[in-house]
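Subject: Structure for you to look at

Dear colleague,

I am handing over the structure we spoke about, with the sequence alongside it. Please open it first, and then read the notes below with the model in view.

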Amino acid sequence: IEAMPFSDQRPGRGVSDKLADVTHPLALTYDQPPEPSLYLLDGQSSGIYQLSLKLTLVKQFRPYFPLAGPISAISVDPAKRLVAAAGDNVYVATRP
């Protein structure tokens, strides 16, 4: 199987077979149009990475406050909010 290249436009980054920040990919979820995206969860940092369908990094999301534990699952609800499970809690965040 051939690896698909990721494109990261942040300074000092570029095209690679992985995102340098993602060390423990844990979950991947799809968000439907009008802005179709993939959301990748890094289990090590609890970072959530929004990728275009061409695997270009669009945005990175991280918890503003410490959560009850590491994020273990993610989803996007019908209102286009990010939903994350951490510890025994579920968190909902609006996207800018």
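A convenient place to begin is proline 34, which is located in the loop between S3 and S4. Please keep in mind throughout that this is a predicted model. The peptide bond that leads from proline 33 into proline 34 is cis, with omega near 25°. As a general background, most peptide bonds are trans. The strands on either side of this loop, S3 (residues 25-31) and S4, run antiparallel and are joined by six bridges, and the hairpin that connects S3 to S4 does so through five residues. If you would like one pair to find on screen, take proline 25, whose bridge partner in S4 is aspartate 42.

Two further places stand out for their backbone angles. In general, most residues other than glycine have a negative phi. Serine 46, in the loop between S4 and strand S5 (48-51), has instead a positive phi, near 60°. Serine 46 counts as buried because its relative accessibility is 9%, which is under the 20% cut-off. Leucine 55, found in the loop between S5 and S6, also has a positive phi, in this case near 65°. With a relative accessibility of 14%, leucine 55 counts as buried too.

Threonine 56 sits in that loop between S5 and S6 as well, but with a relative accessible area of 25% threonine 56 is partly exposed. Not counting residues up to four places away in sequence, threonine 56 touches Ser7, Gln50 and Leu51. Its C-alpha lies 9.8 Å from that of leucine 38, a residue 18 places away in sequence.

Turning to the interior, the largest nonpolar core has ten residues, namely Tyr39, Leu41, Ile48, Phe61, Ile71, Ile74, Val76, Leu82, Ala84 and Ala86. Three strands each supply at least two residues of this core: S4 (37-42), S7 (71-76) and S8 (82-86). There is also a second, separate core of nine residues, among them Leu19, Val22, Leu40 and Tyr49. Returning to the largest core, valine 76 is one of its members, and, if neighbours within four places in sequence are left aside, valine 76 is in contact with Thr29, Asp31, Tyr39, Arg81, Leu82 and Arg95.

Glycine 69 belongs to the loop between strand S6 (57-61) and S7. Apart from neighbours within four places in sequence, glycine 69 is in contact with Ala86 and Gly87. The C-alpha atoms of glycine 69 and glutamine 9 are separated by 30 Å, the two residues being 60 residues apart along the chain.

Finally, there is the matter of pockets. The largest pocket holds about 300 Å³ of space, and of the 16 residues that line it, Arg62, Pro63, Tyr64, Tyr91 and Ala93 are the closest to its centre. The elements that give two or more residues to this lining are S8 and strand S9 (89-93), with S9 giving the most, at three residues. What is the make-up of the lining by nonpolar, polar and charged residues? It divides into 13 nonpolar residues, two polar and one charged.

With best wishes

Definitions and conventions. Residues are numbered from 1 along each chain as its sequence is written. This is a predicted model: local features need pLDDT of at least 70, side-chain atom pairs count only at pLDDT 80 or more; totals for chains, interfaces and linings use all residues. Side-chain values use heavy atoms; hydrogens and water are left out. A nonpolar core is a set of buried Ala, Val, Leu, Ile, Met, Phe, Trp, Tyr and Cys residues joined through side-chain atoms within 4.5 Å. Buried means under 20% relative accessible area, exposed over 50%, partly exposed in between (1.4 Å probe, protein chains only). Helices (H or I, at least four residues) and strands (E, at least two) are DSSP runs, numbered from the N terminus. Contact means heavy atoms within 4.5 Å. Two strands pair if DSSP finds at least two bridges between them. On a 1 Å grid over the protein atoms alone, a cavity is a set of points where a 1.4 Å probe fits but cannot get out, and a pocket is an open set with protein on both sides within 12 Å along at least five of seven lines; lining residues have an atom within 4 Å of a point. Grid points are joined across faces, edges and corners, and a volume is the space filled by probe spheres set on the points. Ala, Val, Leu, Ile, Met, Phe, Trp, Tyr, Cys and Pro count as nonpolar, Asp, Glu, Lys and Arg as charged, and the others, Gly among them, as polar.
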